[in-house]
Amino acid sequence: MDCIFCKIVSREIPSKIVHETERLIVIEDINPQAPTHLLLIPKTHYLTILDCDDREVLAELLDTARKIARDVGVAKKGFRLVVNTNEEGGQEILHLHMHLLGGKVLSGRMG
Ligand code: 5GP
Ligand code: ZN
């Protein structure tokens, strides 16, 4: 499939993988918007969060984000989880992923 994140999951495209679970990988964003900018990517190709009805995947996204936030040291000061969805939501890559941003005071703008 011609999908950047599927190719990252299969290691066809290299990336900095910081964590892997049964159902997802966590990588460093190639164009970081904060000192910590990680992407949590399900191994299965779901176009958007609307297309994923697997509650285990949805739970693992949140559980892993909480764990990684603690592990990389942004939990206490604060961080942000973002799932851009479809065009007006700013989703550029149509393979479900969650951003984990932290390590600085994040912009207060939400839209
Ligand atoms: P979206 O706008 O779809 O929510 O976010 C896509 C994110 O993927 C962007 O932050 C972008 O920098 C990141 N990205 C795009 N291509 C690559 C890549 O090849 N490798 C990595 N590590 N990140 C990528
Ligand atoms: Zn994909």
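**Group meeting: a zinc site, its surroundings and the salt bridges**

H95 is buried, with a relative accessible area of 0%. I begin with this residue, and I should say at once that the model under discussion is a predicted one. H95 sits in the loop between β4 and β5, the latter strand covering residues 98–102. Its side chain comes to 2.9 Å from the backbone oxygen of P42. The ND1 atom of H95 is also one of the protein donors of the zinc ion, ligand 2.

Let me turn to that metal site. Which atoms of the protein act as donors to the zinc ion (ligand 2)? They are SG of C3, SG of C6, ND1 of H45 and ND1 of H95, at 2.0 to 2.3 Å from the ion. Along the chain, these donors follow the spacing C-x2-C-x38-H-x49-H. As for the geometry, the angles among the 4 donor atoms run from 105 to 116 degrees, and the site is tetrahedral. For reference, the ideal angle for four tetrahedral donors is 109.5 degrees.

Are the two cysteines, C3 and C6, buried or exposed? C3 has a relative accessible area of 6% and is buried. C6 has 18%, and because the limit for buried is under 20%, C6 also counts as buried.

I move now to the charged side chains. In general, side chains of opposite charge can pair when their charged atoms come close. How many salt bridges does a search of the whole structure find? The search returns 6, and I shall discuss several of them.

Consider K43 and E20, which form a salt bridge with the closest N and O atoms 2.9 Å apart. This pair links distant parts of the chain: K43 belongs to the loop between β3 (36–42) and α2 (55–72), E20 belongs to strand β1 (residues 17–20), and they are 23 residues apart. Both partners are partly exposed, K43 at 29% relative accessibility and E20 at 38%.

A second salt bridge joins the side chains of R23 and E60, at 2.6 Å from N to O. Here too the pair links distant parts of the chain, with R23 in the loop between β1 and β2 (24–28), E60 in helix α2, and their positions 37 residues apart. The relative accessible area of R23 is 22%, so this residue is partly exposed, whereas E60, at 14%, counts as buried.

A further salt bridge lies within helix α2. D71 and K67 are both in that helix, 4 residues apart, which is about one turn. Their side chains meet at 2.9 Å, N to O. K67 is partly exposed, with a relative accessible area of 38%. Salt bridges that share partners also join R11, E20 and K43 into one network, so the K43 and E20 pair described earlier is part of that network.

My last topic is the nonpolar surface. Which residues make the nonpolar surface patch of about 230 Å²? The patch is made by L62, F79 and L81. Of these, L81 lies in strand β4, which covers residues 79–82. The relative accessibility of L81 is 34%, and this residue counts as partly exposed. L81 can belong to a patch because patch residues need over 30% relative accessible area.

To close, I return to the metal: the zinc ion (ligand 2) has a tetrahedral site, with C3, C6, H45 and H95 as its protein donors.

Conventions. Residues numbered from 1 in each chain as written. Chains lettered and ligands numbered in written order. Predicted model: local features only at pLDDT ≥ 70, side-chain atom pairs only at ≥ 80, totals over all residues. Heavy atoms only, no water. Donors = N, O, S within 2.8 Å, 3.2 Å for Na, K, Ca; no water. Tetrahedral: all angles 85-135°; square planar, octahedral: opposite > 155°, others 65-115°. Buried < 20%, exposed > 50% of the residue type's maximum accessible area, 1.4 Å probe, protein only. Patch = residues over 30% accessible without salt bridge, like charges linked within 9 Å, V, L, I, M, F, W, Y side chains within 5 Å. Areas by Shrake-Rupley, 256 points an atom, 1.4 Å probe, with all protein chains shown as cover. Salt bridge = Lys/Arg side-chain N within 4 Å of Asp/Glu carboxyl O. Helix = DSSP H or I, 4+ residues; strand = E, 2+ residues; numbered from the N terminus. Polar contact = N/O pair within 3.5 Å; in protein donor to acceptor, adjacent residues only side chain to side chain.
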